[in-house]
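Here is a set of short exercises to work through with a viewer open. Try each task before you read its solution.

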Amino acid sequence: MKVGIVRFPGSNCEDDAFHAVVDQLGEEAVMLWHKDHDLQGSDVVILPGGFSYGDYLRAGAIARFSPIMREVALHAGKGGIVLGICNGFQIACEAGLLPGALLRNDAGYRSMPVTIRVEHTNTAFTSAATVGQCLTMPIAHGEGRFAASEDVLDQLENDAQVLFRYVDAAGEATVDANPNGAMRNIAGVCNAARNVIGLMPHPERAVDPLLGSEDGLVLFESLLVAAHA
Amino acid sequence: MTPTPRPGDPTITPALVAEHGLTRDEYDRLVNMLGRTPTFTELGIVSALWSEHCSYKHSRPLLRKLPTSAPYVLQGPGENAGVISIGDGLAVAFKIESHNHPSAVEPYQGAATGVGGILRDVFTMGARPIAMLNSLRFGSLDSPRVRYLVAGVVRGIGDYGNCMGVPTVAGDVMFDAAYEGNPLVNAMCVGILREEELIRAKAQGIGNAIMAVGARTGRDGIHGASFASEDLSHNSDAKRPRVQVGDPFTEKLLLEATLELIASGHVVAVQDMGAAGLTSSSAEMAERGDVGVTIDTLKVPVRESGMTPYEILLSESQERMLVVAIKGREDKVREILAKWDLTAAVIGEVIAEPVYRVTEGDRVVAEFPGTRLVTDCPQYHPDARESDAIIALRARDVHAVPPLPQERNSAWTLRRLLESPTIASKRWLYRQYDSTVRTNTVIGPGSGDAAVLRIRGTKKGLALKTDCNGRYVYLDPRVGGRIAVAEAARNVACVGARPMAITNCLNFGNPTRPDIFFQFREALAGMAEACVALGTPVTGGNVSLYNESPAGAVYPTPTIGMVGLLEDVSRATAMEFREPEDAIILLGEPTDELGASEYLAWIHGVVAGAPPACDLTRERALVETLHESINAGLVHSAHDCSEGGFAVAIAECCIGNPLALHGAMVDLSAWKAIPSRALLFGEAQGRAIVSTSDAAAVLAIAKRRGVPARNIGTVKPPNEGLVIVVAGHSMRSPLMDLVAAYHDAIPRAMQRAPAEQVTVDLATGAPA
């Protein structure tokens, strides 16, 4: 599997994604420059976390116009896997690759470990997990409150596009377990075709027991299954 | 060439000289150096370079007494940052710096640009920043103005560091009325580099090009360095325009571009344009290289039209660098900057003629002989005399302070202490800081005595911590200076590291007052003693004087930023207990000391008595005991006893992580001679609480190292709570009581934070 990681000006989690893929998964990864038009034959494209263009306007609002995003959209349109993490999720929403929007957290910037529950396993990023599996990993964002109209939310639920929800230690999606005020505790979603996935928590920061959690590994291992399928 | 005044320049008058902060003597010195009256531009340059902030004119002679060398020190004081070797061809660059005055008047931007400045200091050395720390001091959280400052400073630190993608991993925060009008905001940055990539800010190579890279120069922050070199007054709010505005996105681009530039080999020197901007960076680079420089202000990329040379030279616009490019490679430099959407412009040249010359096109507007602008800066040796009032405070018999009626129940006292914002969990602050980005954070904020980061590609780890109890330094500067270093060393030892080196940020009041200069001299002497005893040289830092508001000077606060090295990062040890039935061992001895304690200050409102004694031989033995037993794999948790004493320390071992609570049962009856409040809440130095499944082995190491040690009890399941037996009395605290006190205190106080700015007259404290 070859993973292309897009480097926007202001990205700052691209190295973490690189290490997760190369060091922990033992797969090939390349950095893709935002001004280029070439995905270098990547099977999977990761839009990493950070503050693309400073996020001064609205998170991800400018990065979607980067030259490389045209190729990313084409890749997604052909069924290629695209994974947006944190700022990458925001960019994917701004680019229309994913439904919904990510608004300012109700309680400001939050950096802390959260627990998310896997809701569906029929995507490239969750296939190795089990439904209801709870994963602990960090969040670190100021604009991660997932929002959409009630109609869209219902449709996402009906079509099994809500992939992750914030839950408490007992696996319940409670108000207290919701770190940013996301509607219906939504932490991550996929598109209708199930090949574009976005989430606010950082699975790439949870792949090594030395750092406290390796719960993110199962998600990256899912990619491997999908790419070799 | 003799400079000519520009049309429109004001005439040099005694009033104008005074406005620039130069004394009569300093002005005479300048005239002597030049052999003529300075131009307005020259006066501006000198006012910045000879400000306390840039020149260290009151502190330099004493700073020379600090130990600065060790075989592994690659770069000591005098550069943008200190650098030590950690083996495997790797080195660590680190430095701490203050942004106190800007943060006092504009907390958000003041703190943010403080973070930006210290980041630049580290990446100009060729190092990639891997961690940020901050050391903060505020007044009481009961004050709305203080809550406004806390909220703004924390948001400023978070927004800048988070955007840069550099984790904020540790620090220390204290609250005391002494900091009410003048908060302290000290930021530390740690970076990592390959030894061969180390680059210095030394101009060299006649004919090489001097280039300004990064952001354009605007009118912001003019005279920031001089602002930092005067007492805060009720006029300070009017100086808000002297506070710079930060742009972390541009800084992130500048970081990537600078590291790429250094790796390319096209540049021979890099210097941050920080305090006093272009003036300071160019003059210091020339002085270090002992060469001449010439700069044309018309070639400096500017943000607004009509800027005078004076303004361009003194602007403190952020996110700018000065680099010396090898002649002929200027276009290569421009190319790299362009990749990151940044500009680079040739603004001058390294010249053989021993002169510092500034032109505006063909007109020479400033010219100083050789490097005398830097080397001829005045130095002062002010009088030092301890204040009688402090001598009296220290002599006060604090054992005579009567206990409150509620104190009959020591569990009440413990709960109260856990609510002190100085002691309470700082989670409200650090959850606003990304502490996990870059995926190296093994121990982050809140769970260890120091942060631990792994060094990728090796088995090693770095332990990082800032420390200083200003109250100790206030009541006895010599002892307080010693303790600041010793506590920082103890903290990195508690996570399993060997203390390596320190950077320091010396926050003091007005040095021309003999009582303040006494504090400065003695605190430095105490620090130097501890640095020698503990083998931790000083590799650099920052001096921040004039930390005074009309209410008086802050506590003298020489903040220590410590770097320690773990040979095996998998040994990194947190402070919380881990396994029920582990033995709990107290390393070190309690004493009958209460002076200068948080107990007296928080429970009784008394700041008096002598701070606890600090025996440096014992501190070193404790550090070695911790290091050896942790690296032998014997220790499950380690936590030093500091503010709040033994009782607070063991409570933190039980409840530090509210999601993994542990009970404990300990017996202190062995120390019958010590009154229970000193035993529980006294702050005797040289102590740590460790838990282990092999008590005999830990006790044996302690004995061999000459550290008193005793098995005092056992880790218990959480439902048994914390039980401490003292003098036949059993003090019992349910964990949920302790959790509520410790974890809710700061969020509860900050809920009262006003949404908008609170302005007060700093002279009276009254709303303005």
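The exercises below go from model confidence to the chain contact, then to helices and single residues.

The model is predicted, so local features need pLDDT of at least 70 and side-chain atom pairs count only at pLDDT 80 or more, while totals for chains, interfaces and linings use all residues. Residues are numbered from 1 along each chain as its sequence is written, and chains are lettered from A and ligands numbered from 1 in the order in which they are written.

**Exercise 1. Confidence**

Find the average pLDDT of chain B and look at residues 762-768 of that chain.

Step 1: pLDDT is the predictor's confidence in each residue, from 0 to 100. Chain B averages 93, and 95% of the residues score at least 70.
Step 2: Over residues 762-768 of chain B, pLDDT stays under 50.
Step 3: For the complex, the predictor gives an ipTM of 0.96 and a pTM of 0.95.

**Exercise 2. The contact between the chains**

Work out how many residues each of chains A and B brings to the contact.

Step 1: Residues are in contact if their C-beta atoms, placed from the backbone, lie within 7 Å. Chain A contributes 22 residues and chain B contributes 24.
Step 2: Helices (H or I, at least four residues) and strands (E, at least two) are DSSP runs, numbered from the N terminus. On the side of chain A, two or more residues come from each of helix H1 (14-24), strand E6 (110-118) and strand E7 (134-141).
Step 3: Count Ala, Val, Leu, Ile, Met, Phe, Trp, Tyr, Cys and Pro as nonpolar, Asp, Glu, Lys and Arg as charged, and the others, Gly among them, as polar. The side of chain A then has 11 nonpolar, 7 polar and 4 charged residues.

**Exercise 3. One helix and its buried face**

Identify the buried residues of helix H16 (residues 410-418) of chain B.

Step 1: A residue is buried if 20 or more other C-beta atoms lie within 10 Å of its own, exposed if 12 or fewer, and partly exposed in between, with C-beta atoms placed from the backbone. In H16(B), Ser410(B), Thr413(B), Leu414(B), Leu417(B) and Leu418(B) are buried.
Step 2: These fall within an arc of 135° seen down the axis, so they line one face of H16(B). The arc is that of the directions from the helix axis to the C-beta atoms.
Step 3: Among the elements of chain B they pack against are helix H21 (598-604) and helix H23 (645-655).

**Exercise 4. A helix pair**

Determine how the axes of H16(B) and H23(B) cross.

Step 1: Axes are lines fitted to C-alpha atoms, for helices over the stretch in contact, and angles run from 0 to 180 degrees between N-to-C directions. The axes of H16(B) and H23(B) come within 10 Å and cross at roughly 70°.
Step 2: Angles under 35 degrees count as roughly parallel, over 145 as roughly antiparallel, 65 to 115 as roughly perpendicular and the rest as oblique. H16(B) and H23(B) are therefore roughly perpendicular.
Step 3: Leu414(B), Leu417(B) and Leu418(B) of H16(B) make the contact with Ala647(B), Val648(B) and Ala651(B) of H23(B).

**Exercise 5. A residue in a loop**

Is Ser52(A) buried or exposed?

Step 1: Ser52(A) sits in the loop between strand E3 (44-47) and helix H2 (68-77) of chain A.
Step 2: Ser52(A) has 29 other C-beta atoms within 10 Å, so it is buried.
Step 3: Leaving aside neighbours within four places in sequence, the contacts of Ser52(A) include Phe8(A), Asn87(A) and Ile91(A).

Notes: Two residues are in contact if their C-beta atoms, placed from the backbone, lie within 7 Å.
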